[in-house]
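Please work through the following exercises with the sequence and the coordinates at hand, trying each task before reading its solution.

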Amino acid sequence: MRQSLPLLALAAGLAVAPVAAAAQNAVTLKSVNVQLPTGDRIFSTPGSDAVNNNCLGCHSAGMILDQPALPKATWAAEVEKMRQIYKAPIEPKDVDAIVDYLVSIKGTS
């Protein structure tokens, strides 16, 4: 048993060596700051509550107004992208109201 102890220690050292080498080449993480547009404007036309309550937490009114005019199906896809991909906390009951409002201000016929 005493003869196999040095062999066991050598095997353990060889097993740990790749981990130690990887630690020397570890990835360095850096913080990234993103400047989102800010503004205190809100929408004040009829039907705007859903957009004010759900969208203006991340987007300024100006950012929304700078978007191109889009058909209703595209606006619906954009709202779903915000919910599904970006995990925006939009209640399903608010989706239709948001889409309808976006179409009313930036929709195509």
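The exercises below go from the whole chain to its core, its pocket and a few single residues.

The model is a predicted one, in which local features need pLDDT of at least 70 and side-chain atom pairs count only at pLDDT 80 or more, whereas totals for chains, interfaces and linings use all residues. Residues are numbered from 1 along each chain as its sequence is written, and side-chain values use heavy atoms, with hydrogens and water left out.

**Exercise 1. The chain as a whole**

Task: Determine the secondary structure of the protein chain and how much of the chain is buried.

Solution. Begin with the DSSP runs, where helices are H or I runs of at least four residues and strands are E runs of at least two, numbered from the N terminus. On this basis the protein chain has five helices and zero strands, and its pattern along the sequence reads α-α-α-α-α.

Next, take relative accessible area, where buried means under 20%, exposed over 50% and partly exposed in between, with a 1.4 Å probe and protein chains only. Of the 109 residues in the protein chain, 20% are buried by this criterion. The accessible surface (Shrake-Rupley method, 1.4 Å probe) of the protein chain is about 8400 Å², and carbon and sulfur atoms make up 60% of that area.

Finally, consider contacts, meaning heavy atoms within 4.5 Å. Among the contacts in the protein chain with a separation of 6 or more, 55% are between residues 24 or more positions apart.

**Exercise 2. Helix α5**

Task: Compare the span of helix α5 with its expected value, and find what covers its buried residues.

Solution. The expected span of a helix is 1.5 Å times one less than its number of residues. Helix α5 covers residues 92-106, and because it has 15 residues it should span 21 Å, which agrees with the 21 Å between its end C-alpha atoms.

Then list the buried residues of α5, which are Asp 94, Val 95, Ile 98, Val 99, Tyr 101, Leu 102 and Lys 106. Their cover includes α2 (49-54), α3 (61-65) and α4 (72-84).

Leu 102 serves as an example from helix α5. Leu 102 counts as buried because its relative accessibility is 5%. Apart from neighbours within four places in sequence, Leu 102 is in contact with Ile 64, Trp 75, Val 79 and Gly 107.

**Exercise 3. The largest nonpolar core**

Task: Establish which residues have the most contacts inside the largest nonpolar core, and which helices supply the core.

Solution. A nonpolar core is a set of buried Ala, Val, Leu, Ile, Met, Phe, Trp, Tyr and Cys residues joined through side-chain atoms within 4.5 Å. The largest such core has 15 residues, and those with the most contacts inside it are Phe 43, Val 51, Ile 64, Val 79, Ile 98 and Leu 102. At least two residues of this core come from each of α2, α3, α4 and α5, and α5 gives the largest share, five residues.

Val 51 can then be followed by its contacts: not counting residues up to four places away in sequence, Val 51 touches Phe 43, Leu 56, Ile 64, Ile 98 and Tyr 101.

**Exercise 4. The largest pocket**

Task: Find the volume of the largest pocket and the helix with the largest share of its lining.

Solution. On a 1 Å grid over the protein atoms alone, a pocket is an open set of points where a 1.4 Å probe fits, with protein on both sides within 12 Å along at least five of seven lines, and lining residues have an atom within 4 Å of a point. The largest pocket has a volume of about 480 Å³. Its lining has 21 residues, of which Cys 55, His 59, Ile 64, Glu 78 and Met 82 are the closest to the centre. While α3 and α4 each supply at least two lining residues, the largest share, five residues, comes from α4.

**Exercise 5. Two loop residues**

Task: Decide whether Lys 87 and Pro 68 are buried, partly exposed or exposed.

Solution. Lys 87 lies in the loop between α4 and α5, and Lys 87 counts as exposed because its relative accessibility is 60%. The phi of Lys 87 is near 60 degrees, a positive value in a residue other than glycine.

Pro 68 lies in the loop between α3 and α4 and, at 48% relative accessibility, counts as partly exposed. Not counting residues up to four places away in sequence, Pro 68 touches Trp 75 and Lys 106. Pro 68 and Thr 108 are 40 residues apart in sequence, with 9.3 Å between their C-alpha atoms.

Methods: Points joined across faces, edges and corners; volume = space filled by probe spheres on them.
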